[in-house]
Amino acid sequence: MKLAPDDLDTITATTLGHYNQVAEGFREGTRDHDVSQNIDALLRHIQGTAPFTLLDFGCGPGRDLRTFTRLGHVAVGLDGSQEFARMARQDSGCEVWQQDFLKLDLPAARFDGIFANAVLFHVPGQELPRVLKQLHGTLKPGGVLFSSNPRGDNQEGWNGARYGAYHDLAAWQALLTAAGFIELEHYYRPAGLPREQQPWLASVWRKA
């Protein structure tokens, strides 16, 4: 069933309202999460000479912006949550854009890489092809997109006060390929566990 504009507005407002309310607890709860595997997966596929210009899409409170900066790269954050954007600016010192994921305004061909860690699953399925094309457009030629999402059986809906769409590998591959990306690799997280204990699907893509 196609979501109407009012439905999309409600999804955005409710999901962002939740994150604004829990922002401080979220920052503390995720401060020590080890996503080095994901950061390495993005950086090793970017061609050219560092430092790279990176977009941390769905940057949250700014943890990974600090990491990219410490590694010598130029990182820009983007988040829909007003509280997350404020925290990320304050904690990282990076430029951070507050933008609704469904109303993006991105510069053309600016970034060497996009880090979309635990974020794109919040985009309703019907809007995802458009959002992926916008991410494709803001990458430089040959630029790299990293994504990690909780995997599922291609269902979507509410999980408490947050909306999510949960794709399996085949569906995710079809979406990214249609948006003009070429797959470089994929893996499941956390590493070293049986597949049923790996809820996260990570994948890396190059702009064709």
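Hi everyone, let's start with one helix. In helix H2, which spans residues 23-30, Ala23, Arg27 and Thr30 are buried. Why do these three go together? They cover an arc of only 85° around the axis, so they sit on the same side of H2. The general background is that an α-helix has 3.6 residues a turn, so residues three or four places apart point the same way. Turn to the other side of H2, and you find Gly25 and Gly29 exposed. And what do the buried residues of H2 pack against? Their partners are helix H1 (5-21), helix H4 (63-70) and helix H5 (82-92).

Before I go on, please keep in mind that this is a predicted model.

Now for the sheet. It is an open one, with 7 strands in the order S3-S2-S1-S4-S5-S9-S8, and its pairing is mixed. At the edges are strand S3 (95-98) and strand S8 (181-189), each of which pairs on one side only. From one strand to the next, the twist averages 15°.

Let's zoom in on one pair. Strand S1 (residues 53-57) runs parallel to strand S4 (residues 111-117), and the two are paired over 3 bridges. For leucine 54, the bridge partner in S4 is glycine 113.

Helices pack on this sheet too. Helix H3 (residues 36-45) touches S1, S4, strand S5 (139-150), S8 and strand S9 (200-207), and its direction makes about 160° with that of S8. H4, which we met earlier as a partner of H2, also packs on the sheet: H4 touches S1, strand S2 (74-79), S3 and S4, with its direction at about 170° to that of S2.

On to the interior. In soluble globular proteins, nonpolar side chains tend to be buried together. Here the largest nonpolar core has 34 residues, and those touching the most other members are Leu55, Phe57, Leu78, Leu120, Leu145, Trp172 and Leu176. Which residues does leucine 176 contact, leaving aside its neighbours within four places in sequence? They are Leu132, Leu145, Phe181 and Trp205. Apart from that core lies another, of 22 residues, including Ile46, Cys59, Phe68 and Val96.

One last item, from the records. An unreviewed UniProt entry lists residues 55-146 as "domain: Methyltransferase type". Over that stretch the chain is 33% helix and 30% strand, and the end C-alpha atoms are 10 Å apart.

That's my tour, thanks for listening!

How values were computed: Residues are numbered from 1 along each chain as its sequence is written. This is a predicted model: local features need pLDDT of at least 70, side-chain atom pairs count only at pLDDT 80 or more; totals for chains, interfaces and linings use all residues. Side-chain values use heavy atoms; hydrogens and water are left out. UniProt positions are given in the numbering used here, feature names are shortened, and annotations may be inferred rather than shown by experiment. Helices (H or I, at least four residues) and strands (E, at least two) are DSSP runs, numbered from the N terminus. Buried means under 20% relative accessible area, exposed over 50%, partly exposed in between (1.4 Å probe, protein chains only). The arc is that of the directions from the helix axis to the C-beta atoms. Contact means heavy atoms within 4.5 Å. A nonpolar core is a set of buried Ala, Val, Leu, Ile, Met, Phe, Trp, Tyr and Cys residues joined through side-chain atoms within 4.5 Å. Two strands pair if DSSP finds at least two bridges between them. Axes are lines fitted to C-alpha atoms, for helices over the stretch in contact, and angles run from 0 to 180 degrees between N-to-C directions.
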